[in-house]
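Visitor: I would like to walk through this protein with you, going from the overall picture to single residues. Could you take my questions one at a time and show the reasoning behind each reply?

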Amino acid sequence: MDEAAYDYAPGEDVWQEKSPAKPPEEQLDRFIPRCDPDLENRFALLERSEPQVADAENNSAYAQLLRSELLGIREEKPEKAFKTPEKSLFRYKSSPQANQEDAFSLSPVSFQSAQLNEPRKTPRKIAKVPFKVLDAPQLQDDFYLNLVDWSPSNVLSVGLSNCVYLWSAATSRVTKLCDLGADDAVTSVSWTQRGAHLAVGTNKGEVQIWDSSQCRKLRTMSGHLGRVGTMAWNGVLEQWAMQFPRLRRRSCGGYVLSTGSRDHHILHRDVRQPAPFMSKLHGHRQEVCGLKWSFDEQQLASGGNDNKLCVWSLKSNEPVLKFNQHQAAVKAIAWSPHQHGLLASGGGTADRCIRFWNTVNNMPLSSIDTGSQVCNLVWSKNLNEIVSTHGYSLNQIILWKYPAMTKVATLTGHTYRVLYLAISPDGQTVVTGAGDETLRFWNVFPSAKSRSGSGLSSSLPLGRTIR
């Protein structure tokens, strides 16, 4: 074998044939096209040959493109004299920022470079610590209760042992709404959609309706044989009554309140009717711990300790949909305000998953294992993002980007399970509560305009201000 004619290629067990050597002048600029010295003159001749007006315009544009690409020469055209714009109503007018005259002088490479040089959007900054931490003594560490709710009128209600306290964000005033006595306890609180009345569920199975402005109990409703751990208002009849005042004097007018209990039942109540409830729903075999009406108020989602997620219609006493994919209790339920029929649910310690459902066509969409007990879910009103709170064993608050379900932020601070969650009426702040007897306020979502009096800079005197 002629070693002069072959080279050994490292990493390969073959000998490669050498290419014949070339003179040094032929090896230079092998992949760079050489420019003809007389190329500029040829461009000029190309422009001067004008057999037709259309050919002249095409040749000029073609020559300008070649100059820009091969020679890097870009001609600057003189500014045109000012002309009075013609009147053309409802006629499309191109953006003045677009440079239409030099369109042929922009190569695809330079266009892409311009796009790459555009400044990127600054990622949203989310504080990793709460801007306020408040003491909430005797806030129960019970997964099945719902003891915190934020009203549309910007008043926070908190159930502490056998009492309910209200805090106004506008005045920083705390009011003790009610005391159930030593032989009873608050198990759930829920505001009406207008924020004037508060429903209070009790350990004895009663539901009390309170006028928050006057701190006066309007009525007490029975019907459950166990504690009332979850409640949800439906404002369809309320909206009808506001639009048609005559309905208020008829049998259908008023608020509709749905309540779930340890007795496995869901009751629909018209709080302006003398009867304690209108209908009783049977769908769960264990305690009902989650209830949420959809935003169009046509469907009610319920979760139970039997690991079932049910969807009910407004006019049905039987579940129209039933999902059994969760492997633990379903307390966390949230309807999307951005997409009709999109429902999210979270499972307990043995499940740890957030699952998404399409209730329009009865289809499961996706699921993600969060790694810990899912206690609450709430959807942002301003962005397509969702917040989840967790218990065993991470005690986290996680902000997710839907539908990719990528983590936007993970917030920590609670030392017990984050069992309670509510969102401010402007959709910017969430408050979380835990068995460590603290309430923590987090700024997680942007807000277009902050409402007057919605700031939370003042302290909440429910107890000792820790921060």
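**From surface to single residues**

Guide: The protein exposes about 26,100 Å², and carbon and sulfur atoms supply 51% of that area. Please keep in mind throughout that this is a predicted model.

Visitor: What share of the residues of the protein count as buried?

Guide: A residue counts as buried when its relative accessible area is under 20%. Applied to the 467 residues of the protein, that cut-off gives a buried share of 46%.

Visitor: How many helices and how many strands are there in the protein?

Guide: The elements are counted along the chain from the N terminus. For this protein the count comes to 5 helices and 30 strands.

Visitor: Among contacts between residues at least 6 apart in sequence, what percentage join residues at least 24 apart?

Guide: A contact here means heavy atoms within 4.5 Å. Among the contacts in the protein between residues at least 6 apart in sequence, the share that join residues at least 24 apart is 49%.

Visitor: Which residues does UniProt list for "repeat: WD", and what is the strand content over residues 411-444?

Guide: The unreviewed UniProt entry lists residues 179-220, 281-322 and 411-444 under "repeat: WD". Over residues 411-444 in the model, the end C-alpha atoms are 10 Å apart, while the chain is 0% helix and its strand content is 56%.

Visitor: How many disulfides are there by the sulfur distance rule?

Guide: A disulfide requires a pair of cysteine sulfur atoms within 2.5 Å. Cysteine 289 is buried, with a relative accessible area of 0%, and cysteine 353 also counts as buried, at 10%. Burial is a separate matter from the distance rule, and by that rule the count of disulfides is 0.

Visitor: Are the rings of phenylalanine 131 and phenylalanine 441 stacked, tilted or edge-to-face?

Guide: The structure holds 8 aromatic pairs. In the pair of phenylalanine 131 and phenylalanine 441, the ring centres are 6.2 Å apart and the planes stand at 45°. Planes under 30 degrees apart would count as stacked and those over 60 as edge-to-face, so this pair is tilted.

Visitor: How many residues apart are these two phenylalanines, and what parts of the chain do they link?

Guide: Phenylalanine 131, partly exposed at 23% relative accessibility, lies in the loop between α4 (108-116) and β3 (132-135). Phenylalanine 441, buried with a relative accessible area of 1%, belongs to strand β30 (residues 438-443). The pair therefore links distant parts of the chain, and the separation is 310 residues.

Visitor: Which residues do ring pairs link into a cluster together with Phe131 and Phe441?

Guide: The cluster is built from ring pairs, and Phe131 and Phe441 both belong to it. The other names in this cluster are Trp150 and Trp167.

Visitor: Which residue lies over the face of phenylalanine 143?

Guide: Phenylalanine 143 counts as buried at 5% relative accessibility, whereas tyrosine 144 is partly exposed at 21%. Their ring centres are 5.3 Å apart with the planes at 90°, so that pair is edge-to-face. Over the face of phenylalanine 143, at 5.5 Å from the ring centre, lies lysine 331.

Visitor: Where is asparagine 146, and with which residues is it in contact beyond its neighbours within four places in sequence?

Guide: Asparagine 146 is placed in the loop between β3 and β4 (148-150), and at 19% relative accessibility it counts as buried because the cut-off is under 20%. Leaving aside neighbours within four places in sequence, the contacts of asparagine 146 are Thr187, Ser188, Val189, Gly229, Thr230, Cys289, Lys331 and Tyr420.

Visitor: Where are the cis peptide bonds from tyrosine 392 and from tyrosine 402, and what is omega in each?

Guide: Most peptide bonds are trans. The bond from tyrosine 392 to serine 393 is cis, with omega near 5°, and serine 393 is found in the loop between β25 (385-390) and β26 (397-401). Proline 403 lies in the loop between β26 and β27 (406-411), and the cis bond that joins tyrosine 402 to proline 403 has an omega of about 10°.

Visitor: Is asparagine 395, with its positive phi, buried or exposed?

Guide: Most residues other than glycine have a negative phi. Asparagine 395, in the loop between β25 and β26, has a positive phi near 55°. With a relative accessible area of 12%, asparagine 395 is buried.

How values were computed
Residues numbered from 1 in each chain as written. Predicted model: local features only at pLDDT ≥ 70, side-chain atom pairs only at ≥ 80, totals over all residues. Heavy atoms only, no water. Buried < 20%, exposed > 50% of the residue type's maximum accessible area, 1.4 Å probe, protein only. Areas by Shrake-Rupley, 256 points an atom, 1.4 Å probe, with all protein chains shown as cover. UniProt positions renumbered as here; feature names shortened; annotations may be inferred. Phe/Tyr/Trp six-rings, centres within 6.5 Å; stacked < 30°, edge-to-face > 60°. Lys NZ or Arg CZ within 6 Å of the ring centre and 35° of its normal.
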